[in-house]
Amino acid sequence: MALKATIYKAAVNIADMNRAYYADHELTIARHPSENDERAMLRLLTWCLHADSQLQFTRGISTEDEPDIWQKNLTGEIETCIELGQPDEKRLRKACGRARHVFIYNYGARSADVWWQQYHQKVQRFDNLTIQQIPAEASRLARLVSKTMKLHCVIQDQQITLGNESDSMTLDITQRFPM
């Protein structure tokens with residue numbers, strides 16, 4: 001018998017000073033059985049960084065031809081493609097060929113650094129690609145997980161604060177590419 005996804009509901013209040021975007025969103029996050037709470041919260045964090053009423057979580061981990069998050073236009077073309085982790089060159093090339101904007105959010109301090117050393121020369125040819133580094137302390141976001149979450153998110157410059165009524169965490173996101 002196949003394991004089913006764990007479903008989380010999140011009411012998120014977003015104040016993005018960079019984009020002058022202020023909104024409340026009701027999100028459903030399906031955590032794949034092979035995904036941990038940390039990664040599920042990182043998906044939520046990156047969703048907040050690009051928040052838009054048309055931005056959607058995809059089937060993600062269980063589907064090779066879909067990123068973690070995307071936004072499509074009315075004709076079905078992919079406007080924004082968001083991936084977490086360290087995608088291989090084939091996946092990077094495919095994403096950059098299909099989407100207008102591609103965002104990679106590296107996490108996992110040592111593995112992200114190793115990935116960056118391997119790929120930093122190869123990504124130079126993609127003009128629609130942005131690569132960000134999520135700091136190692138983001139793993140503590142897992143402590144915010146519950147079946148139903150009421151969260152606030154404040155974004156200013158390269159800093160993001162995510163929290164609930166009793167706990168919050170501020171992270172500095174570092175841009176690796178383009179510089």
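The chain holds three helices and eleven strands. The model is a predicted one. Along the sequence the elements run β-β-α-β-β-β-α-β-α-β-β-β-β-β. The radius of gyration is 16 Å, close to the 16 Å that the globule rule gives for 179 residues, so the chain is as compact as a globular protein of that length. Along its principal axes, the C-alpha trace spans about 45 × 45 × 35 Å.

Next, the packing. Buried residues make up 49% of the 179 residues. Take the contacts with a separation of 6 or more: residues 24 or more positions apart account for 53% of them. The accessible surface of the chain comes to about 9700 Å². Carbon and sulfur atoms own 48% of that surface.

Two buried strand residues show the packing in detail. Start with Glu 83, in strand S5, which covers residues 78-84. Its relative accessible area is 7%, under the 20% cut-off, so Glu 83 counts as buried. Which residues does Glu 83 touch, leaving out those up to four places away in sequence? Earlier in the numbering come Glu 66, Pro 67 and Asp 68. Later come Arg 91, Phe 103, Ile 104 and Tyr 105.

Ile 104 is the second example. Ile 104 sits in strand S6, residues 99-106. At 1% relative accessibility, Ile 104 is buried. Its contacts, again without residues up to four places away in sequence, include Glu 83, Gly 85, Pro 87 and Leu 92. Trp 115 is also on the list, as are Leu 129, Thr 130, Ile 131 and Gln 132. Strand S7 runs from 129 to 133, and Ile 131 is one of the residues that Ile 104 touches. Leu 92 can be placed by distance too: its C-alpha atom is separated from that of Ile 104 by 8.9 Å, and the two residues are twelve apart along the chain.

Now the charges. The chain carries 22 positive and 23 negative side chains. The centres of the two sets lie 6 Å apart. Side chains of opposite charge can pair when their charged atoms come close. In this model the count comes to eleven salt bridges.

One of these joins Glu 35 and Arg 43, with N and O 2.8 Å apart. Are these two partners buried or exposed? Both Glu 35 and Arg 43 are buried.

Glu 89 has two of the salt bridges, with Lys 122 and with Arg 125. In the pair with Lys 122, the closest N and O atoms are 3.8 Å apart. This pair links distant parts of the chain. Lys 122 is in the loop between helix H3 (109-119) and strand S7 (129-133), while Glu 89 is in helix H2, residues 89-98. The two are 33 residues apart. Lys 122 is partly exposed, with a relative accessible area of 34%. Glu 89 is partly exposed as well, at 24%.

The pair of Arg 125 and Glu 89 has an N to O distance of 3.5 Å. Arg 125 lies in the loop between H3 and S7 and Glu 89 in helix H2, so this salt bridge ties together parts that are 36 residues apart in sequence. Elsewhere, salt bridges that share partners join Glu 35, Arg 39, Arg 43 and Asp 68 into one network. Asp 68 has appeared before, among the residues that Glu 83 touches.

Finally, the backbone. Where is Ala 20 found? Ala 20 is in the loop between strand S1 (6-16) and strand S2 (21-31). Its phi is positive, about 55 degrees, although Ala 20 is not a glycine. The relative accessible area of Ala 20 is 53%, over the 50% cut-off, so the residue counts as exposed.

Asp 157 also has a positive phi of about 55 degrees without being a glycine. Asp 157 is in the loop between strand S8 (148-156) and strand S9 (159-163). At 57% relative accessibility, Asp 157 counts as exposed.

One more backbone feature lies further along. The peptide bond from Phe 177 to Pro 178 is cis, with omega near -10 degrees. Pro 178 belongs to the segment after strand S11, which spans 174-177.

Notes:
Residues numbered from 1 in each chain as written. Predicted model: local features only at pLDDT ≥ 70, side-chain atom pairs only at ≥ 80, totals over all residues. Heavy atoms only, no water. Helix = DSSP H or I, 4+ residues; strand = E, 2+ residues; numbered from the N terminus. Rg over C-alpha atoms; globule rule 2.2 N^0.38 Å. Buried < 20%, exposed > 50% of the residue type's maximum accessible area, 1.4 Å probe, protein only. Contact = heavy atoms within 4.5 Å. Areas by Shrake-Rupley, 256 points an atom, 1.4 Å probe, with all protein chains shown as cover. Lys, Arg positive; Asp, Glu negative; His and termini not counted. Charge placed at Lys NZ, Arg CZ, Asp CG, Glu CD. Salt bridge = Lys/Arg side-chain N within 4 Å of Asp/Glu carboxyl O.
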